[in-house]
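New to this one? Here's a quick briefing to read alongside the structure.

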Amino acid sequence: MIPKLTIRLYGDPVLRKKAAPVSHISSSERMLIKAMMAAMYENKGVGLAAPQVGISQQIFVADDGEGPLAIINPKIVKKAGSIKIEEGCLSIPGIQVKVSRPKEIWVQYTDQNGDKIERHLTELLARIFLHENDHLQGKLIIDYATLAQKAIFRKKLIEIKKLAK
Ligand code: CO
């Protein structure tokens, strides 16, 4: 049985915490990853980070259409280019922010089998990796919004915060 996870919403302090590195990948981490993948697909997301389900560990899952990936202890070793794209976040429903991010990245991470992976990522997968990596730092898309956008989002954010309680 895969435990059902609840998506934490904007206003939940766990979303602002820096996630701790994972020291050992055991059956409990693999179970969490399976549950996170199920939650990601159920909510029609392309990525989901552990803090979004209340667990402050450096784990996220992603699927850019090429199949599910589990990313543990990610590191971005090199970035190139810049591109501005509108993003949403399962923890901030109904809000979209144009976020400028590197176009391509070179990354290192550990997968669910404990294997060390090195990859060059572009397009949607690079975007997801950067968005989810932000979650592990306690950073959210609204942090990229301009003051004018923040003023527009204010009411909506208050409503989401109420739901988070
Ligand atoms: Co997000």
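Let's start with two neighbouring strands: β2 (residues 59-62) and β3 (residues 69-80) pair in the antiparallel sense, with 4 bridges between them. Keep in mind that this is a predicted model. From this pair we can work outwards to the whole sheet, then over to a helix, some aromatic rings and a metal site.

**The β2-β3 hairpin**
- Two facing residues are phenylalanine 60 and its bridge partner in β3, isoleucine 71.
- Alanine 62 has an opposite number in β3 too, namely leucine 69.
- Between the two strands of this hairpin there are 6 residues. Glycine 65 takes a positive phi there, near 110 degrees.

**The rest of the sheet**
- β3 also pairs with strand β6 (residues 104-110), again in the antiparallel sense, and this time over 6 bridges.
- Across that pairing, isoleucine 76 stands opposite valine 107 of β6.
- Put together, you get an open sheet of 5 strands with antiparallel pairing, in the order β1-β2-β3-β6-β7.
- Which strands sit at the edges? They are β1 (47-49) and β7 (116-122), each of which pairs on one side only.
- On average, neighbouring strands in this sheet are turned by 40 degrees against each other, ignoring direction.
- Here's a side-chain detail to look for: the charged end of lysine 78 sits over the ring of tryptophan 106, at 4.3 Å from the ring's centre.

**Helix α2**
- α2 is 14 residues long and spans 21 Å from its first C-alpha to its last, close to the expected 20 Å.
- Is this helix mostly covered or mostly open? It's mostly covered, with 12 of its 14 residues buried.
- Among those buried residues are Leu125, Ile128, Leu130 and Leu136, but also Arg127, Glu132 and Asp134.
- After the helix comes glycine 138, which has a positive phi near 80 degrees.

**The aromatic cluster**
- How many aromatic pairs turn up in the whole structure? The search finds 2.
- In one of them, the rings of phenylalanine 60 and phenylalanine 129 have centres 5.1 Å apart and planes at 85 degrees, so this pair counts as edge-to-face.
- That contact links distant parts of the chain: phenylalanine 60 is in strand β2 and phenylalanine 129 is in helix α2, 69 residues apart.
- Phenylalanine 129 also forms a tilted pair with tyrosine 109, at 6.2 Å centre to centre and with 50 degrees between the planes.
- Because tyrosine 109 lies in strand β6 and phenylalanine 129 in helix α2, this pair ties together parts that are 20 residues apart in sequence.
- Phe60, Tyr109 and Phe129 make up one aromatic cluster. Phenylalanine 60 and phenylalanine 129 are both buried, and tyrosine 109 is buried as well.

**The cobalt site**
- Which protein atoms are the donors of the cobalt ion? They are SG of Cys89, NE2 of His131 and NE2 of His135, lying 2.0 to 2.3 Å from the ion.
- Along the sequence, the donor residues follow the spacing C-x41-H-x3-H.
- Cysteine 89 and histidine 135 come from distant parts of the chain, 46 residues apart. The cysteine is in the loop between β4 (83-87) and β5 (97-101), while histidine 135 belongs to helix α2 (residues 123-136).
- Both cysteine 89 and histidine 135 are buried, and His131 is another of the buried residues in α2.

Definitions and conventions
Residues are numbered from 1 along each chain as its sequence is written. This is a predicted model: local features need pLDDT of at least 70, side-chain atom pairs count only at pLDDT 80 or more; totals for chains, interfaces and linings use all residues. Side-chain values use heavy atoms; hydrogens and water are left out. Donors are N, O and S atoms within 2.8 Å of the metal (3.2 Å for Na, K and Ca); water is not among the atoms, so sites may look incomplete. Buried means under 20% relative accessible area, exposed over 50%, partly exposed in between (1.4 Å probe, protein chains only). Two strands pair if DSSP finds at least two bridges between them. The expected span of a helix is 1.5 Å times one less than its number of residues. Rings of Phe, Tyr and Trp (its six-membered ring) pair if their centres lie within 6.5 Å; planes under 30 degrees apart count as stacked, over 60 as edge-to-face and the rest as tilted. A charge sits over a ring if NZ of Lys or CZ of Arg is within 6 Å of the ring centre and within 35 degrees of the ring normal. Axes are lines fitted to C-alpha atoms, for helices over the stretch in contact, and angles run from 0 to 180 degrees between N-to-C directions.
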